[in-house]
Amino acid sequence: MFLEKNYLMIGNTRWHWATKIQEDVKYFHTTPNPIEFKDKNYSELSWASVGPIPKNLTLCPSKKINLANVPLINLPSNLGIDRALASWSAFKKQSSCKSKKQDLIVIDAGTIMSVTKITKKGEFAGGQLIAGLRLQLLSMTNGALNLDNPIIKTIPLETFQHETKNAMIRGAINGLIGLILQIFEETKLPIWICGGDAPIILNELKNTNIDINHCPNLVLEGMIDIDQKINSI
């Protein structure tokens, strides 16, 4: 019987899971749900967190993956572990699939869209943060009297929208796309992207010449790799 290994990244608004049996890995994403732990044994669960941990949730401290475990250079002490893991995973993929090593850009399009530059030597070279699509919409809703938080069914195509809800969505997505286009124009570096809003962004960028690689589970892949390194020591 093969050993099952479980991983959990507690995000700001979602929980991200991976289950590994031998070389087979399955990924899934849920709303925060402490009840998930009630009837299951997760004593060997490896985990990390950038979001709130419920008080009644018992996680083994020795199984926590920390920033110090990530073998990138010059990581700031307050960098989110999700950014570090995604960057490490993208750096490994970039190093293995390109004939010539080069710097890269890592984008995690989640609640907060993070942009991180990693050099070809594996050194953190800074980045940018911007509110993600839904957080921008929520911020507008909470900050203005007469705006309702729109439900995103489709992304409106036209630049100028008549309906307020569509104008909010179009403006928010344009802000994210504009940042990516500016970064690519300035650097011409390959981009690795993950996160819940990545498919929307990719669709917006489909007619551009940007070198962009979609890896939905960069963070969890990085977590699995780091966990294996820790346990091999």
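Two strands pair if DSSP finds at least two bridges between them. Strands (E, at least two residues) and helices (H or I, at least four) are DSSP runs, numbered from the N terminus. The model is predicted: local features need pLDDT of at least 70, side-chain atom pairs count only at pLDDT 80 or more, and totals for chains, interfaces and linings use all residues. Residues are numbered from 1 along each chain as its sequence is written, and side-chain values use heavy atoms, with hydrogens and water left out.

**Exercise 1. Trace the open sheet of five strands and place its helices.**

Step 1. Strands of a sheet pair through backbone hydrogen bonds, either parallel or antiparallel. Here the order is β7-β6-β5-β8-β9, and the pairing is mixed.

Step 2. Find the edges. They are β7 (124–131) and β9 (212–214), as each pairs on one side only.

Step 3. Take one pair. β6 (residues 112–118) and β7 are antiparallel, over six bridges. I112 has A131 of β7 as its bridge partner.

Step 4. Add the helices. Contact means heavy atoms within 4.5 Å. Axes are lines fitted to C-alpha atoms, for helices over the stretch in contact, and angles run from 0 to 180 degrees between N-to-C directions. Helix α1 (residues 81–97) touches β5 (104–109), β6, β7 and β8 (191–194), and makes about 135 degrees with β5. Helix α3 (residues 164–187) lies across β5, β6, β7 and β8, at about 160 degrees to β7.

**Exercise 2. Classify the ring pairs W17–F28 and W88–F91.**

Step 1. Set the rule. Rings of Phe, Tyr and Trp (its six-membered ring) pair if their centres lie within 6.5 Å; planes under 30 degrees apart count as stacked, over 60 as edge-to-face and the rest as tilted. The count is three aromatic pairs.

Step 2. For W17 and F28, the centres are 5.8 Å apart and the planes at 0 degrees, so this pair is stacked. W17 is in strand β2 (residues 15–21) and F28 in strand β3 (residues 24–30), eleven residues apart.

Step 3. Check burial (buried is under 20% relative accessible area, exposed over 50%, partly exposed in between; 1.4 Å probe, protein chains only). W17 is buried, at 1%. F28 is partly exposed, at 33%.

Step 4. For W88 and F91, the centres are 6.0 Å apart and the planes at 35 degrees, so this pair is tilted. Both residues are buried. They lie three residues apart in helix α1, about one helical turn.
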